[in-house]
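I opened a fresh page to record what I looked up, one topic at a time.

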Amino acid sequence: MNFNDDNHDFSNPPPASPRTNFLEGLSPFFFVICSVPVALIIWLLYWYMFIKFSKLKNKNAELSTRTTRSGDVFKIWDYDGIIVFEEIIKATEDFDIKYCVGTGGYGSVYKAELPGGKVVAVKKLHGSELAFFNNFQNESHLLSQIRHRNIVKLYGFCLHRRCMFLIYEYMERGSLFCVLRKDEEAIELDWKKRVNIIKSVAHALSHLHHDCTPPIVHRDISSNNILLNSELETFVADFGLARLLNFDSSNRTIMAGTIGYIAPELAYTMIVTKKCDVYSYGVVALEVLMGMHPGDLLSSLSSPSNSNIMLIDVLDPRLPPPIDGKVVQNIVLVFAIAFACLRLNPKSRPTMQCVSKEFLDEKPLGKPFQKITTSELRNLDMFWVDESNL
């Protein structure tokens, strides 16, 4: 083969193929235009996966809502509401009386053990219709988000055409009311535990009144709505329930509170305020230390002839008199706070925030415990009252 062929002209290469001409004719701008949709798709896929992962990660902090064709609504914390409804009906044998652990003004409470072993308290509400259905859902969602170490957790609710109920964290020891009325259990609540119960309720109410948006007025503070777990830790229950079932733009109500705990002004104003909770708290605080409802004490204190009742004489006689200095100090403080909360004029009562803070300070006794009278503590001006926080 002759590589020096004179007939072959290397100065004129053969023409390029049409494909080569097309690619060479494309400008860099074309490649930029093509890359934009690809980058956008990648970006969208990234955010889709990120959001999906975040939802899975925060599953325990979300409420899952299910609505059936019949209009039933189920909103349960971290559970399938329809399944939970069926499990609760089965666990309570359609709310058989043998599973009932308590009854109140708004409904009856049942103990239900779900198949996974989790035990919940189910409050079956009286009635089967809601005048403010959407508001009920919104309010219950708000209440289910409240997290405080002394407030019972609300897991969710079921609104069925046959019945409606709320699902709460279960408390093994039941209500404070029942514990105080059983001698063996009441004795188990020594003075230190009782003071801690009173403090815990104060912290819970302070949280509802001052840390929640909007503020939540409990409306039914009583020893029936204060629950104890297996460790005798204290939890406030039924918070906001009156508002759920009687939703209105105002705080007027025809049903608020338990007889013996209701603030006196409700008899003529019918308007519920934070100071109504404060009054009820004062009754509960005395009840815990006395071991019984303080109605007789409050009646006797209104008589001038009984102004010198010794403080030590009104304590629960089932317990030996307190001897620990710090415990005695706290007991005196509780009585002083309780009497301040029970003032007839709502504006003269302290706020629950004020009460909660008072428990953080240690105040020395001015005289021996055995010589302190109830009248001394009733007349003690220990609070600065801010009327703007009524």
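The entries below take up one site, two helices, the salt bridges and a surface patch.

**Entry 1: the model.** I note at the start that this is a predicted model, and that I take side-chain atom pairs into account only at pLDDT 80 or more.

**Entry 2: Asp238.** I looked up where Asp238 sits and found it in the loop between β10 (234–236) and α8 (241–245). Is Asp238 buried or exposed? With a relative accessible area of 10%, Asp238 falls under the 20% cut-off, so I record it as buried. I then looked for its side-chain partners and noted a polar contact of 3.3 Å between the side chains of Asp238 and Lys123. Leaving aside residues up to four places away in sequence, I listed Lys123, Tyr168, His218 and Asn225 as the residues that Asp238 touches.

**Entry 3: helix α7.** I checked the span of α7, residues 191–210, and its 20 residues reach 28 Å from the first C-alpha to the last, close to the 28 Å expected at 1.5 Å a residue. Of these 20 residues 16 are buried, and I therefore describe α7 as largely enclosed by the rest of the structure. Which residue caps the N-terminal end of α7? I found Asp190 there, with a side-chain oxygen 3.2 Å from the backbone nitrogen of Lys192. Asp190 also forms a salt bridge with Lys193, for which I noted 3.4 Å between the closest N and O atoms. For exposure I wrote down a relative accessible area of 32% for Asp190, which is partly exposed, and 32% for Lys193, which also counts as partly exposed.

**Entry 4: helix α10 and its link to Arg181.** I repeated the span check on α10, whose 17 residues reach 25 Å from first C-alpha to last, close to the 24 Å expected at 1.5 Å a residue. How many of the 17 residues of α10 are buried? The count is 17 of the 17, so I enter α10 as largely enclosed by the rest of the structure. After the helix I noted Gly291, whose phi is positive, near 80°. Turning to the salt bridge between Arg181 and Glu287, I recorded 3.0 Å between the closest N and O atoms. Arg181 lies in the loop between α5 (176–180) and α6 (183–188), whereas Glu287 belongs to α10 (residues 274–290), so the pair ties together parts that are 106 residues apart in sequence. The two ends are unlike in exposure, since Glu287 is buried at 0% relative accessible area, while Arg181, at 36%, counts as partly exposed.

**Entry 5: other salt bridges.** My tally for the model is twelve salt bridges. One of them pairs Glu265 with Arg349, with the closest N and O atoms 2.8 Å apart. I placed Glu265 in the loop between α8 and α9 (266–269) and Arg349 in the loop between α12 (325–341) and α13 (352–358), so this pair ties together parts that are 84 residues apart in sequence. I also noted that both Glu265 and Arg349 are buried. Separately, I traced one network in which salt bridges with shared partners join Arg173, Lys182, Glu185 and Glu188.

**Entry 6: a nonpolar patch.** Which residues make the nonpolar surface patch of about 550 Å²? I listed Leu40, Trp43, Leu44, Tyr46 and Trp47. Leu40 has its place in helix α2 (residues 28–57), and at 46% relative accessibility I count Leu40 as partly exposed.

Note on methods
Residues numbered from 1 in each chain as written. Predicted model: local features only at pLDDT ≥ 70, side-chain atom pairs only at ≥ 80, totals over all residues. Heavy atoms only, no water. Helix = DSSP H or I, 4+ residues; strand = E, 2+ residues; numbered from the N terminus. Buried < 20%, exposed > 50% of the residue type's maximum accessible area, 1.4 Å probe, protein only. Polar contact = N/O pair within 3.5 Å; in protein donor to acceptor, adjacent residues only side chain to side chain. Contact = heavy atoms within 4.5 Å. Expected span 1.5 Å × (residues − 1). Salt bridge = Lys/Arg side-chain N within 4 Å of Asp/Glu carboxyl O. Patch = residues over 30% accessible without salt bridge, like charges linked within 9 Å, V, L, I, M, F, W, Y side chains within 5 Å. Areas by Shrake-Rupley, 256 points an atom, 1.4 Å probe, with all protein chains shown as cover.
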